[in-house]
Amino acid sequence: MMSTATFKPTLDLMFAQELISPEVSRLMPPELMIRPLASTDYKRGHLSVLSVLSVVNDLGEEAWVDQFHAMRALPRTYYSIVIVDKASDHIVGVGTIFIERKFLRGLGSVGHIEDIAVDKSQQGKKLGLRIIQALTHISENSGCYKTILNCSDANIPFYEKCGFSKKENEMVNTAITVSMIMKTHSLIRPSTLLSAHTYQGFEYDLALYYSDSAYLLYFHWLAQY
C-alpha cells in the first residue's frame, strides 16, 4: 500500500542542528521551531524580519544565496539562526553570532552577536531571549572566552535580563557607500533629485537615474541605524 505521508525535503542548513541548545528548543512555543538558517530561507521572509531591525536592501534571491554560501564556506565562523512558524513555514525571528579568532588569551576566540530581530506580530513571546540564549550556547561551546554585542541604551535592560552587563564604549566610523546598479551600456543621465544631504561636512545627493532603455541606476548611502 502506498504511503500518503507528505514528503518534506531535507533543508540545506548553514550548520548542524545539533549545535542549537536542546534546552532552548524545548522552551520554544509549540507552534514555533528554532533552527539554523537554510539556503532556501530567502523565500521564507528572512529579509522581511531583518527589516524590523534596520534598512534592508534586497538584491534578490541569487545574491542572498551567494552570501549564504560565502558565509558557510568559512568553517566555524558564522552561525545564523531563525525561528520559524510551523503552520505558515515563515520566519518570525532571526539572529547571528560570528566567531572572531584572536592572538590574545592563548589564541582565544570571541563571539559577536549581531542582527537580532523578531517579527512585530510575535513580540512579547520571549523569542528575543531564546535567540540570545541559543547564540550564547553556540559561542560558549565554540570555546569563546566572552560573548559580546552592541545595543541601544533603550535595549540595555533587555540584555541585562539575558545575562549581559554594560562594559566600555563603542566607537563608529560610518562609511558613505555609492552603490550602482546598471543593466545597460546606454547613456546614463540624472532624472530626479530626491534629496540633498550633509554628512560630517561632506555634501552628497541621493538621486534617481535612468537610461534610454529605462533601466534604473541609483546612488545611496549606508547609514548607521
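Partly exposed means a relative accessible area between the buried limit, under 20%, and the exposed limit, over 50%. Glutamate 23, at 40% relative accessibility, therefore counts as partly exposed. The model is predicted. This briefing covers charged pairs, one buried aspartate, the cysteines and two residues with positive phi. The salt-bridge count comes to eight, and the disulfide count is zero.

**Salt bridges**

- The structure holds eight salt bridges. Three of them are described here, starting with a link between separate parts of the chain.
- Arginine 72 and aspartate 12 pair through their side chains, with an N to O distance of 2.6 Å.
- Arginine 72 sits in helix α3 (residues 61-72), and aspartate 12 sits in the segment before α1 (22-27), so this pair ties together parts that are 60 residues apart in sequence.
- Arginine 72 is partly exposed, at 28% relative accessible area. Aspartate 12 is also partly exposed, at 32%.
- A salt bridge within helix α1 joins arginine 26 and glutamate 23. Its N to O distance is 2.6 Å.
- Arginine 26 and glutamate 23 are three residues apart, about one turn of the helix.
- Arginine 26 is exposed, with a relative accessible area of 57%. Glutamate 23 is partly exposed, at 40%.
- Aspartate 41 and arginine 44 form a salt bridge with an N to O distance of 3.0 Å.
- Both aspartate 41 and arginine 44 are buried.
- Arg35, Asp41, Arg44 and Asp89 belong to one network, joined by salt bridges that share partners.

**Aspartate 85**

- Which strand holds aspartate 85? The residue is found in β2, which covers residues 78-85.
- Aspartate 85 is buried and has no salt bridge.
- Lysine 125 carries the nearest side chain of opposite charge, 6.6 Å from aspartate 85. A salt bridge needs a nitrogen-to-oxygen distance within 4 Å, so this pair does not count as one.
- The aspartate 85 side chain does have a polar contact with the side chain of serine 88, at 2.7 Å.
- Leaving out residues up to four places away in sequence, aspartate 85 touches Glu31, Leu32, His90 and Val92.

**Cysteines**

- How many disulfides does a search of the whole structure find? The search finds zero.
- For cysteine 151, the closest cysteine sulfur is in cysteine 162. The two sulfurs are 9.9 Å apart, too far for a bond. The cut-off for a disulfide is within 2.5 Å, so the pair is not counted.
- Cysteine 151 is partly exposed, with a relative accessible area of 34%.
- Cysteine 144 is buried, at 11% relative accessibility.

**Positive phi outside glycine**

- Leucine 107 is not a glycine, yet its phi is positive, at about 60 degrees.
- Leucine 107 lies in helix α4, which covers residues 104-107.
- Is leucine 107 buried or exposed? Leucine 107 is exposed, with a relative accessible area of 60%.
- Glutamate 168 is not a glycine either, and has a positive phi of about 65 degrees.
- Glutamate 168 is in the loop between α6 (156-161) and β6 (188-199).
- Glutamate 168 counts as exposed, at 63% relative accessibility.

Definitions and conventions:
Residues are numbered from 1 along each chain as its sequence is written. This is a predicted model: local features need pLDDT of at least 70, side-chain atom pairs count only at pLDDT 80 or more; totals for chains, interfaces and linings use all residues. Side-chain values use heavy atoms; hydrogens and water are left out. Helices (H or I, at least four residues) and strands (E, at least two) are DSSP runs, numbered from the N terminus. Buried means under 20% relative accessible area, exposed over 50%, partly exposed in between (1.4 Å probe, protein chains only). Lys and Arg count as positive and Asp and Glu as negative; His and the chain ends are not counted. A polar contact is a pair of N or O atoms within 3.5 Å; within protein, one must be able to donate a hydrogen and the other to accept it, and residues adjacent in sequence count only if both atoms are side-chain atoms. Contact means heavy atoms within 4.5 Å.
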